Amino acid sequence: MTENTKLTTRQSRAGVRRLASGALALGLAAGLLTAFAPASAQAADTDLGADRGGWTAKVRRTEYGVPHVLARDFGGLGYGYGYAFAQDNLCELADQVVTMRGERSRWFGPDGESSDRIANPDSDAYQLALLRSGTVRRLLAEPAPLGPTGEVRQLVDGYVAGYNRYLHDTGVNRLPDPSCRGKGWVGPITADDLWNILYDVNTLAGTAKSLVANAVPGAGATSLAATPAPVRRATDTPDLGSNGWAIGRDATRNGNGLLLANPHLPWVGSQRFYQAQLTIPGVLDVAGAGLYGIPFLQIGHTDGLAWTHTSSYSDHATLYRLSLAPGDPTSYLVDGKVERMTATTVPVTVRAADGTLSTVERTLYRSRQGYVLADGWTGEQAYALRDANADNLRSLNEWVAMGRSQNLDQLRQAQRTYQGAPWVYTTAVDTSGTVYFTDSAAVPYLPDAQLTRCLVPSPWETGVLDGSTTGCDPGTDPDARVPGIFGPANHPALTRTDYVANSNNGPYLTNADAPIAGLPIVYNAAQQLATRPQLGLRMIADRRAGTDGLGAPGFTLASLQATMFGNRVQSAELDRDDAVALCRAHPAITASDGTRVDVRAACDVLAAWDTRADAASRGTVLWQAYQRALAGTRSRAWQTVPYDPARPLTTPRGIAADNADAQRAFADAVLRLAATGVPVNAAIGDVQRWAGIPLHGCTGEIGCFNVLTAGPDSGAGGGTYPAAGAGAPHGSSFLMATELTRQGPRTRTLLTYGQSADPTSPHFTDQTRRYAAEQWVTERFTEAEIGSAPGLTVTTLRR
């Protein structure tokens, strides 16, 4: 009997996935792949052919265009992944590259904006200054773990070559996507482009590009009163943060571990996800989704581990007030000594309407704390933004290491080694049914005593530190990979066997029975859930008790999926009846503008509403308008039950029927809908659509678990932002429900906007229609599953 035929039945059923133990030499991998692939797929799907050097990859496409990339090494893996991505979204990545090169105004003129909604000239100035600083090149020159590992460098180089191969073979003038077909701004990309994209993603939570690009010495005094805080966290935007649940063996019916991934990100632009499976036999086998322009997956699962990310509420960036030297607004004092800002002048090329090009110079200023901002720069003081991720190019190292992990110990080791998570929490589970939560992201090392001592008065609610003394600089944690951040020993973390969860909130209530207390203030540990109770934790409690109508207590894969699409609305469950009592008692209310409003019809709509956000639910639209009006009131005196730390899942709540603000807000909501032509009984699917498809879900600000915000015409112009005022789609994007069994993972997925942003692609709305019908896609992970996919296509690439 040969060695191959001695493999166990369990290994045979799972094919390559079972063979990825790390003990097999790569030279044997091709033969093992062939031995255990289904007969109909052996030659076409898994045989990579003789190793003649260079890169070889197979791209197997299953339903909904999901690519399963098979390669011998990381260079080949990147080659296949880059080629597959370019087939679906070349125009999107080409647009990102134009942004990273600081060429948006050159190609698109000064009036447009980048995918992160920054005006083209501001975006260009920021990117050109970053390129001139040499920051990314310097980080690339570092040895691992600070710089990229050899495998990661190969992955990036392969991805670039795969993208360029598709572009070369297809030709710019024959690209399928009309948004960039034949355009002069489309061309080959370089590895530097991808590294700059990665750096841009890593620093997403710690930059203020427009304020940096428009900073003028001494000119910011007049803008303070009307300007919001320049630094934003997830707490400032309720729809950011996402849902991530890891359900342990004590909370499931069969003792297996489950994971729910539900990131809330834009449906357009560079923060879209792309779904794939990446396989190097004996080395790596991971399935999930990654952001555009990053050649690996950020959310996913292996044979024994599943994980997801949600937005961290920690302070990743810190504002410092600089005390300027007398008579010189570009110099500042530190410990009594004068230091000069670094001024970088960059030429921004701008295309006029007639196609002519001109150059406009912008000067950006940098202090020892980071870039200087436009707001608040007077003759006496200025403000600078220090980003804890300013030297972080480690994230791709970490994600690749996580993608090779088979258990929580290996995941923790990956995070300790690289410390590259930029601004995200991690929630994970392994086959033992143990669950884990951590905020391992880069957070400035500012212990509470130092933070409190260094706070100075600020025109914003955001805390500002004293930049005139080195005593307020971030310190160094002994186990931190780089200076200035907290090390792993201080990271918030929780390991359980029942559940850990994060749903648009800080780390404190990761588990309702085991609050994570005693954390430094910069981790937002003091966050009180006084603005919104946590529906996600209530949903978990209801499922464990079996009181949610989904059958016997305890989670299963099916009930996890059903829970995700329950479309529950926390604020409505707690306060709808109070609102109905208010409008019944006051059928006519005077609005803020003095208009007398008959609210009886609206009251009837709320009374009949099922408090859900299903596409056909009538009342969700009105409730969103009312909650938005309530949020704008002068005080929260209308709330009858304040926040109670002993009851964090059901407080605060209540609306006082006799409160004038609550009454006026109801009338304002009815008037607002009328002004926009929306009936008070409109279904949520009537007002939020993607390419004409009605969408369920609602805004996070009203406590909706399935967050989805869109306009009535979103997606009508393809994967671009809709016209001004139409509403940018945002929310549930890549959904993944995974059960880790001893026989292997069972996974259901849904990429809500499909694999392609090209409106001519069959994969532009195919999964959106499934989302609208609340239907999931069964993932194909094993070689047997991939080989038996209807309509399977196989592309073999060699370089």
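How many bridges join strand 6 to strand 7? I shall begin there, noting at the outset that this is a predicted model. Strand 6, residues 273-280, and strand 7 are joined by 8 bridges, and the two run antiparallel. One such pairing sets Tyr274 opposite its bridge partner in strand 7, Gly290. Together the two strands form a hairpin, with 3 residues between them. In that turn, Gly282 has a positive phi of about 80 degrees.

Let us stay with strand 7, which spans residues 284-291. Strand 8, residues 299-301, also runs antiparallel to strand 7, and 3 bridges join them. Here Ala287 has His301 as its bridge partner.

Is strand 7 buried or exposed? Of its 8 residues, 8 are buried. In a regular strand, side chains alternate between the two faces of the sheet. On one side of strand 7 lie Leu284, Val286, Gly288 and Gly290, and on the other Asp285, Ala287, Ala289 and Leu291; all are buried, so both faces are covered.

I turn now to an open sheet. Its 6 strands follow the order 22-3-4-29-30-31, with antiparallel pairing. Strand 22 (499-503) and strand 31 (777-778) stand at the edges; each has a single partner strand, and therefore one side of each is left without a neighbour in the sheet. Strand 22 is joined by 5 bridges to strand 3, residues 243-247, and these two run antiparallel. Within this pair, Ile247 has Tyr499 of strand 22 as its bridge partner. Helix 15, residues 535-545, packs on the sheet and touches both strand 3 and strand 22. The direction of helix 15 makes about 145 degrees with that of strand 22.

Technical notes
Residues numbered from 1 in each chain as written. Predicted model: local features only at pLDDT ≥ 70, side-chain atom pairs only at ≥ 80, totals over all residues. Heavy atoms only, no water. Buried < 20%, exposed > 50% of the residue type's maximum accessible area, 1.4 Å probe, protein only. Helix = DSSP H or I, 4+ residues; strand = E, 2+ residues; numbered from the N terminus. Pairing = 2+ DSSP bridges. Contact = heavy atoms within 4.5 Å. Axes fitted to C-alpha atoms, helices over the stretch in contact; angles between N-to-C directions.
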